[in-house]
Amino acid sequence: MIVHQLRLWQKELRQQRWSLLVAALFLALLGLIAWHAYETSGTATTRMTVISETLGVFVPLFALTQAHYSVVREYRQQTQLFVEALPLRRWEFPLAKLSWGLLTQGMLAGGLCLWVTQLADDTPARFLAITCTRTLAFVAVCWSVAFALAMLGRLRWLAGVTLWVGCYLLSKRGVELGRFGPFALLDKLSFPFERESFPVRALLQSGAVTAAALLLGLGLPLLHEGSVTERLARPASAGEKTGFWAVLLAQGALVYLLPREQRREPFSFTGAGVLASEQRNVQVRCEDAAFEPKAREVLAELEQLSSRLTTELHVAEPPALRVTLRHTGGIRVVSGQPGEGLLLELNLQWATPALVAFLAAGHSFNQLSAGRASFEPNRWFSNGFARYWAPTNDRAAIDQYWLDALLVRRRVPFDEQLLSQWERLAELAGEDVATSIALTLVEVVEQRFGREQLLQLARALLVRPTIRNGFDWLVAERADFPAALERATGESWAAFIAAYQLQLDAAAVRLAQPLAALPTLSATLGVEHTEVGSNLVADLSGLAPDSARECLFRHAPLPPYDLAVPSDTVQDASLPWSAGVASFTGRVRGRYQSGQRAFAAIDCPLPGLARYLRLDARRLDIP
Amino acid sequence: MLRVLMRQELRRLLPWIVVLVAIDLSYLPLELFFRPPDTAAWVSSSRLFTGSLRDYGGLLTLAFALLFCQAGFPRDEEEGTLPFLFGLPVPRAQIFLARVLTPGLILSGEALLWELLRWTVHLPATGSFIGHTFRTDWLLTTLVTSLALAWISVGYGQLLSVFRRFGLLLVFTFYLALSQLEGQAPWLGKLDPLRVLRVEFVGQQALLPGKALLGHALGALLASCLAGWFWVGPTERVSELFARWRLRPPLRWLLRPVVLWSCGALLAGWAGVSALKSRYGVVSADGATRALFDGRVLSKRTRYHELRYREALAPRVELLAKVTDELHERLATRLGMEAAGDVVSVDFTRESETHAGTANPNTIRMDPSAAPSADALERVFAHESTHVLSLRASALRLSREGEALGFFSEGLAEALALELRPNAAVLEARRLEAALAQQRLALTFDRMIRYGDFRQRYGTLLVYSAGLTWTQALIASCGQESPQKVLHALGSPDAPLKQPPLGLWQHLLQRAGCDLSRVNGAWESQLAASTKELEAELARVPFLQGGNARWDGDAVQLLAQADGEPVEGTVFFVNVRTQSTGPEAGGTPVSGRRRADGALEFRVPTRNVVDGGLEFQLCLRFERQGAPVSFGNEWAKTRVAP
């Protein structure tokens with residue numbers, strides 16, 4: 001038997017000698033590249049990384065190639081029949097191929113392993129034994145799987161892709177494949193560093209995989225005197241190819257359709273300083289016990305909001321609401337998938353109950369509608385409704401918002417198109433003031449069509465996912481503004497805006513006195529080039545303030561294209577307007593370089609106005 | 001006749017064309033399936049602006065070009081149909097032309113189809129800026145670069161088909177080498193044909209990569225000519241000539257063996273030189289530093305460590321060896337774990353340009369030249385030992401989940417190192433760095449938990465001070481044992497590793513009996529307090545701004561401004577880089593001088609200019625009570641003016 005095996009190995013050697021030589025050169029090249037990377041790296045800690053990095057690429061690639069040349073070709077060209085005609089036992093032929101592959105790959109991989117180990121002269125015998133065991137086990141598992149796949153003939157690609165898809169899905173479901181047998185053997189975080197313990201578990205798992213693959217790889221050529229392997233080796237028919245593609249497509253769909261991860265439970269606070277509602281899923285945490293009364297006010301407002309979401313907007317399960325009130329920082333909202341709840345982190349300085357309710361409502365709408373509430377045509381309604389409906393607003397508070405709208409109208413003409421384009425409006429007027437304008441629009445909706453109609457619009461647009469994908473877009477009824485308004489009320493967007501303009505004129509008369517008291521300010525933005533870089537420049541002018549006015553120079557880098565500027569990329573620079581000065585120039589120096597684009601805006605506070613007023617906003621090219 | 005030949009080629013390549021079109025078409029249903037079609041902007045799927053799409057599209061084109069070329073002459077030769085083909089009454093040049101034109105046209109068609117699909121997908125979009133995201137000049141630029149890549153790939157593919165399947169191996173090897181070596185040899189990147197897809201912008205104007213296009217077009221033309229000469233040579237096929245040579249005894253043993261063995265000899269030479277270099281420690285440091293790496297390698301064993309060092313370092317390392325076990329045990333106690341375990345190998349034999357020390361499970365590498373005093377050396381050792389032990393405590397997940405936890409890993413190591421070897425000056429220096437970052441860079445937790453982006457934006461230095469202050473806030477608000485609880489929660493089998501970074505942190509801190517909001521609140525309060533306390537010092541640190549670059553002889557002159565009077569001994573430097581990912585993300589420092597008018601002038605080597613742009617980070621360093629304080633602006637990019 002041994003003589004037969006040796007003869008068969010001779011045949012394999014004759015057939016593969018050049019391929020083996022090229023493979024050896026390829027391995028040496030890979031090894032040297034990894035070696036060079038190790039030598040020049042400032043962070044690599046051990047030479048043994050060369051082995052894992054090289055063999056991680058080489059062994060699977062070489063196993064697949066050798067399996068193709070040694071098994072697939074032989075069976076496809078039916079040259080195995082010549083060997084089978086010789087006086088050999090049937091199992092000797094596949095066994096010879098299997099052992100030849102194991103021998104050559106083991107020699108190549110083991111050779112590299114020993115070479116690198118020999119150069120790393122701090123390698124004790126135990127470490128060497130562990131490294132070699134891992135290497136040879138990895139070779140065995142790769143080769144046996146490649147051998148088994150090769151025996152599947154025309155089904156090998158399908159089987160290979162199915163294996164890959166299975167691994168991918170397991171990984172997406174949270175299984176750490178890196179810790180499973182074959183993958184763990186050459187793991188880059190353990191292979192080069194594990195000096196004491198043999199990876200028994202990984203070896204056992206790899207052994208099981210190898211045994212299963214060998215059972216398939218050696219069993220198939222023996223089954224029914226090899227006829228199964230012969231049949232599998234034939235080229236696929238047109239019908240089979242169609243079937244393969246169908247299976248592959250189904251697998252592809254599976255990858256995308258299966259939920260990637262399990263839904264998390266809503267976040268909950270731990271520790272002291274937490275106020276929780278007894279009826280609703282609401283918690284407020286306050287850093288400072290001295291501010292507990294304020295926290296209680298916030299809690300009451302949120303309880304009310306959560307309750308109204310159910311009673312007025314018919315939301316069966318409102319999002320869990322969590323609020324942290326802190327001494328520092330700004331506003332931060334963490335919103336997960338539907339069902340995971342909302343977490344708001346707010347500075348105590350600004351966290352009025354009304355603001356908290358507005359933010360919580362806005363982000364709840366966004367979560368309940370799976371993001372559709374922030375779709376641009378719906379955004380003004382979403383923001384305006386959240387500010388109008390969620391907190392308790394009295395007439396004086398609402399008039400402040402009308403005043404905002406009237407002030408913006410001084411600089412920006414409110415036409416039908418601009419009022420339907422939230423992103424442009426928010427850029428020109430500032431997001432906060434744009435929300436004020438949205439609130440006035442919502443109030444006009446209520447005045448014209450009644451509260452029930454307004455709530456119906458909110459139920460249709462804000463608390464259910466309307467359009468989630470192309471299927472919904474094609475099939476479901478689209479419920480976006482301004483089409484939704486026309487469908488619900490019978491009034492066109494143009495007619496509604498005309499009515500709104502009239503209301504705005506009426507508000508201008510009603511609020512003439514406070515409006516006249518607010519000064520008219522202006523700003524012009526530009527770019528200034530100096531020897532050491534470019535500056536953004538703002539020229540501000542208007543009535544000299546009695547006391548210093550803290551304006552803000554907002555700026556952000558822009559990509560070459562024009563989309564809405566994400567608010568988290570915008571930075572603020574202080575722009576103090578000294579008392580008694582009618583005009584001055586402010587700069588953001590050297591932040592933007594030649595060839596870049598930048599967004600710039602000037603916001604100033606006005607006496608008697610709770611918000612910053614935007615004086616100018618531009619997108620600038622730095623020459 | 002050419003048309004007939006091309007039609008025949010088309011028939012032959014039909015299955016691959018179907019696959020290619022299916023791949024392109026699958027993009028459309030997926031796009032429609034996963035998000036509302038009215039939210040897709042034209043630029044969001046553009047190869048001009050999205051690096052991953054550019055690489056994916058480029059590799060797809062390259063792969064199919066190679067497949068098409070492999071399905072040409074090599075397959076004919078393999079199947080023995082080449083003589084029939086040459087038997088046709090057609091000039092051989094036409095046969096070759098058909099085999100170049102057909103794949104080229106198919107891939108050009110694919111590029112056009114892709115753009116058409118993208119254009120169709122963005123039609124339902126309703127956003128107010130959508131109309132401005134589509135520009136005809138950008139579409140033309142995309143088409144020019146995509147079409148150029150298609151034809152260039154076919155040209156190179158024809159030459160690679162001469163090597164049959166080894167051509168594919170050559171391509172694979174090239175890209176593997178490129179990924180490993182481009183950092184040290186940026187010129188290698190110029191050989192990559194996918195470079196023709198990289199487009200730089202000045203404002204909104206797209207700049208075609210003219211040099212890359214021209215160079216690769218000429219290269220592809222030359223490659224095609226060589227392939228044509230080989231496959232359909234003027235008098236008789238060159239491959240036949242080779243085939244006949246193979247049969248002649250003197251050449252038979254010369255051809256393949258000599259080529260292969262000479263390759264082998266070259267590789268062996270490279271291996272030998274590398275081995276000698278590594279064994280006998282050829283280092284690039286200055287004289288004083290080099291002296292530390294002289295002499296034979298010695299080793300010293302302690303209870304938990306095995307230290308390897310050069311003779312010249314013996315006094316320092318032997319002093320350190322006396323305390324290594326104590327440090328290890330105290331750290332293990334602090335992290336709530338057993339001190340026993342695998343012996344940690346500590347290597348002092350190599351210098352590092354970028355790190356004072358690095359650690360992996362069971363292995364530490366330290367560059368003693370970066371820690372000149374015994375106290376500093378012990379602190380670096382404690383820092384690296386913390387990495388080793390925290391990796392063990394977290395079942396290596398601290399490294400595997402490095403994107404979300406990288407800053408904590410460094411912060412914890414720094415905090416424990418300073419706890420075990422306290423140094424008020426270093427601690428204050430780190431506080432000052434963090435306060436500077438808070439004041440000038442708007443440092444946030446959300447940025448820290450995206451470590452790759454953090455390094456791209458701020459480089460690597462800031463992570464130590466930012467991580468340290470956050471870890472201190474964690475300990476202050478959640479208790480002394482909170483780091484070990486976080487590590488154990490991370491190492492537990494049911495840790496939710498597939499969560500986004502924020503979700504992972506929320507979960508880990510909940511398991512540690514704490515809240516993320518509480519820690520972040522404490523951190524922000526601490527930073528605010530530091531900023532207030534150190535206000536006067538912060539005001540004395542000059543503001544770095546500007547960055548005008550222009551060619552100046554054999555270098556690039558970069559001008560910037562330092563506003564404010566620096567403390568004595570302040571060093572100004574600029575980090576420059578050609579890659580924003582991987583180990584090179586930290587960049588290479590270039591020192592500058594401060595002119596009398598306060599302007600900073602740097603002379604940057606021209607090799608750092610990529611596609612006419614220079615990526616840089618303005619930095620300064622000064623000493624505060626004997627401890628170095630570093631600060632760097634965000635990384636920026638500027639066009640180099642003529």
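**Exercise 1.** Over which ring does the charged end of Arg549(A) sit?

*Solution.* Start with the setup: this is a predicted model, where local features need pLDDT of at least 70, side-chain atom pairs count only at pLDDT 80 or more, and totals for chains, interfaces and linings use all residues. Side-chain values use heavy atoms, without hydrogens and water.

Next, the test: a charge sits over a ring if NZ of Lys or CZ of Arg is within 6 Å of the ring centre and within 35 degrees of the ring normal. The ring is that of Trp577(A), with the charged end of Arg549(A) 4.8 Å from its centre.

**Exercise 2.** Find what lies over the face of Trp389(A), then place that ring among its partners.

*Solution.* Arg308(A) is over the face, 4.6 Å from the ring centre. For partners, rings of Phe, Tyr and Trp (its six-membered ring) pair if their centres lie within 6.5 Å; planes under 30 degrees apart are stacked, over 60 edge-to-face, the rest tilted. Such pairs link Trp389(A) into a cluster with residues including Trp380(A), Phe381(A) and Trp493(A).

**Exercise 3.** Pick one of the 40 aromatic pairs over all chains, Phe454(B) with Tyr458(B), and work out its geometry and setting.

*Solution.* The two rings are 5.0 Å apart centre to centre, with 65° between the planes, so the pair is edge-to-face. Both residues belong to helix 19 (residues 451-458; helices are DSSP runs of H or I, at least four residues, numbered from the N terminus). They're four residues apart there, so about one helical turn separates them. Finally, check burial (under 20% relative accessible area, 1.4 Å probe, protein chains only): Phe454(B) is buried at 2%, and Tyr458(B) is buried at 3%.

Notes:
Residues numbered from 1 in each chain as written. Chains lettered and ligands numbered in written order. Helix = DSSP H or I, 4+ residues; strand = E, 2+ residues; numbered from the N terminus. Buried < 20%, exposed > 50% of the residue type's maximum accessible area, 1.4 Å probe, protein only.
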